[in-house]
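Please look over the structure below with its empty spaces in mind, both those that open to the outside and those that are closed off.

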Amino acid sequence: MKKLRENKNILLGTLLLALIAGIFYWAFATRPNIKPAAKVKADKTMSYDDNTIVEEKAGKKLWELKAKSIVIDPKTQMATLKDMHGKYYEIDGGVLSITAPLGIYNQKNKNIEMQGGVSITGPDGMEFKAQKVHWDSQKGLFTGDGQVQIARGDMHASAEHIESGNGFTDFKLQGNANIVKGN
């Protein structure tokens with residue numbers, strides 16, 4: 001009888017071990033083969049609609065740019081402005097109004113590149129047009145390229161390139177430059 005009891009305990013122990021082994025086999029061998037998701041490159045830009053970027057120095061507003069759409073890449077610190085309208089505040093109190101289909105603002109050096117047909121008007125009736133205009137913040141210099149035209153009163157000028165450090169009051173023309181004064 002004692003032997004039967006020992007055999008019974010051995011048999012139950014063996015069955016219990018076989019059951020545990022079967023559960024482990026089922027849990028690991030039959031699990032679904034899930035592949036890790038493909039790495040998706042996250043878009044690391046910030047987008048804003050109908051927003052404004054303002055540059056100030058010593059509490060005085062230098063310029064402001066409003067755009068229908070602004071996309072900023074924090075890594076490069078570049079902002080792309082679509083359908084841009086801006087104001088440049090001159091030292092003498094005058095304000096230049098600027099429009100361009102596309103603007104690129106470099107947050108590192110505060111330079112602005114405007115493209116796609118830029119139009120600027122001044123408080124004295126000055127009208128300026130160019131395909132591309134660049135504002136160099138360090139030099140305080142506007143440069144324009146491509147079909148440059150400027151008119152103020154009875155003065156009309158055209159060229160391929162223009163430079164001005166004082167809101168187009170004084171300027172330098174290059175490339176097929178033509179100035180007509182008086183009528």
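What follows is a briefing on the largest pocket and the largest cavity. The model is predicted, and the values given here are computed from it.

**The largest pocket**

- The space that lies in the largest pocket comes to about 460 Å³, and 20 residues line this pocket, of which L62, Y88, Y89, I91 and W135 are the closest to its centre.
- Three strands each give two or more residues to the lining of the largest pocket, namely β1 (46–57), β2 (60–73) and β3 (78–89), and among the contributors it is β2 that gives the most, with four residues.
- When the lining residues of the largest pocket are sorted by character, six are nonpolar, seven are polar and seven are charged.

**The largest cavity**

- How many cavities of 30 Å³ or more does the count give? The count comes to one such cavity, and the volume of the largest cavity is about 60 Å³.
- The lining of the largest cavity is made up of W63, L65, Y88, I98, I112, M114, W135 and F142, while the elements that give two or more residues to this lining are β2 and β5 (112–121).
- Sorted by character, the lining of the largest cavity holds eight nonpolar residues, with no polar and no charged ones.

**Residues and elements to look at in both places**

- Y88 and W135 are among the residues closest to the centre of the largest pocket, and Y88 and W135 also line the largest cavity.
- The strand β2 gives four residues to the lining of the largest pocket, and β2 also gives two or more residues to the lining of the largest cavity.

Key:
Residues are numbered from 1 along each chain as its sequence is written. This is a predicted model: local features need pLDDT of at least 70, side-chain atom pairs count only at pLDDT 80 or more; totals for chains, interfaces and linings use all residues. Side-chain values use heavy atoms; hydrogens and water are left out. On a 1 Å grid over the protein atoms alone, a cavity is a set of points where a 1.4 Å probe fits but cannot get out, and a pocket is an open set with protein on both sides within 12 Å along at least five of seven lines; lining residues have an atom within 4 Å of a point. Grid points are joined across faces, edges and corners, and a volume is the space filled by probe spheres set on the points. Ala, Val, Leu, Ile, Met, Phe, Trp, Tyr, Cys and Pro count as nonpolar, Asp, Glu, Lys and Arg as charged, and the others, Gly among them, as polar.
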